[in-house]
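Visitor: Could you take one part of this model and go through it closely, saying what each term stands for as you use it?

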Amino acid sequence: MKLTSQVLELNWDDVAERIKNFIRDYVEKVGAEGIVLGISGGVDSSTAAALSALAIGGEKVLGLIMPEEETYNPKDIEDAKRVAEKFGIKTETIDLSNILKAFYEAIPNFNAQDRVSKGNIKARTRMICIYYYANTQKRIVVGSSDKSETMMGYFTKWGDVAADISPLMDLYKTQVRKLALHIGIPKEVALKPSTPALWPNQTAEKELGIKYETLDLILYGLERFMKPQEIASQLNLPVETVEKVKARWITNEHKRRMPLTVKIQYRTVGADFRLPRI
Amino acid sequence: MVETLKIALAQISCKRADKTSNIEKMKLYVEKAEKEGAELVIFPELSLTDYLVRDLIYELAEPIPGPSVKKMAEIAKENQVYIVFGMPEMSQKAESVIYNTAVLVGPEGYIGKYRKMYLPTHSVFEEKRYFRQGYETSVFETKIGRIGLIICYDVFFPEVSRALKLNGAELIVCISASPAVRRTFFEILTAARAIENNVFLAYVNLVGIEEGLQFWGGSRIISPSGSIIAKAKYDEEDFVVEEIDLKNIRHVAAFVPTIRDLRPELYEQLKTASETI
């Protein structure tokens, strides 16, 4: 197999159609009255929001814009609102600054220098707000996680990944960008550098230490059981780079599953208790 | 001798673990088929219970014949048609043993069954976790022709369809629950099985979305020369009725005489080679 950007090409009409059907079907099956999701002005949440609107109608989709003072970025807010307006999505803005301050002050051993742990509080606070709207307005939560970030474990456990369905989770980041352009997300949003917005000036590629164009091809090769050596040689990379991606993918499995428990009884939740979803 | 046969492809979505609703739905489709003059109505794999029921299968499986087969046989009798549908079959000898089974009923009642021989247990499929594989191919001599049954993944194994042909099948009915990522495989393989065996093949696939899998529909009737003579829509419920002319088998078989040219000695070689993979 030749690892070029060509392998990541899909029939975007078909992909968009399948995702819209999937969203519509789930909303109908669970009897929800709509969808709620966090919208950041980035490519993933813009695409998830747009597809939600295309699936069930924008008037049934609520986009929550949740800025906070440390990572406040008026351009992102403007982008989120622009996408929402284009697809007829209602928005509501919640300023998280005071909630976050209350957390920081209330936690006895809070360490402001530990930016990952502090950032995770932000991601989980966003999740709490989204689920508040889901509970009170009988909406389902649509997640925005993509396949690159999910495989790398580049997300906050029980934070940004928390959702009822994640329609983009089987698409690599570069594929989400293509899908975004295909369904009419503005180019500057679709191609904007991704950030989890956990601290100022954070960008995903800087933190992951690799460009998504390269990462996605490595992950694509791993998905198809290619050996790191082969991937490295095809992509002209040091094998250590591929090995590092592979190790990160495998060690983060705990973030993608139900919590592990000890097998004691006949059938066990998360192990051999296998029921269908609605 | 039967010459023509009118077939209804009932490409339905099913309600998860709800046998009553699914029988009710199949009944409506059978009545519709009868009005359109169909003699055989085909439903997808596990249409009695829906495909992905996981552990609920232990509560849903029934012996064959059993209560659901009895109801389907009554529907067949009332409408004077033959019906093929799918269901989880509980062994009468051991209740924990379940088969993924295709059932044939007709105006005369319960006719017979086929237990799926090839159970996909890879990728998103977990059939061997729940089902025991079948050991027999099944061809039924009926008033509407000689009908052989296969189920979904069986179509990847040419020997199953070949055995049906060698036992006299004129029409192979393949009931299926195939998700969209596999569409190309099935579109090629269903045609291949029809061509290589000089038979008609009626393929009926599920539609609907279960656990993120989107079943693609695309049910069809394929002639012995490989042409698609009837086709249902992709991805949505559909109902298609088409007549086939079984006489066509003879002239196609004369033109591409695959059965005349069979080489039995190869089967011995296949047996030996496959035992030592």
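Guide: Two residues are in contact if their C-beta atoms, placed from the backbone, lie within 7 Å, and on that footing the contact between the chains draws eleven residues from chain B and eight residues from chain A. On the side of chain B that touches chain A, five of the residues are nonpolar (Ala, Val, Leu, Ile, Met, Phe, Trp, Tyr, Cys or Pro), four are charged (Asp, Glu, Lys or Arg) and two are polar (the others, Gly among them). The model is predicted, so local features need pLDDT of at least 70 and side-chain atom pairs count only at pLDDT 80 or more, while totals for chains, interfaces and linings use all residues. Residues are numbered from 1 along each chain as its sequence is written, and chains are lettered from A and ligands numbered from 1 in the order in which they are written.

The part to examine is helix 5 of chain A, residues 115–137, where helices (H or I, at least four residues) and strands (E, at least two) are DSSP runs numbered from the N terminus. Its 23 residues should span 33 Å, at 1.5 Å times one less than their number, and this agrees with its end C-alpha atoms, which are 33 Å apart. Within helix 5 of chain A, the residues Lys122(A), Ala123(A), Arg126(A), Met127(A), Ile130(A) and Ala134(A) are buried, a term for 20 or more other C-beta atoms within 10 Å of a residue's own, with C-beta atoms placed from the backbone (exposed is 12 or fewer, partly exposed in between). An α-helix has 3.6 residues a turn, so residues three or four places apart point the same way. The cover over the buried residues of helix 5 includes, in chain A, strand 1 (34–38), strand 2 (61–65), helix 4 (97–106) and strand 4 (139–141). Just after helix 5 of chain A comes Lys138(A), whose phi is positive, at about 50 degrees.
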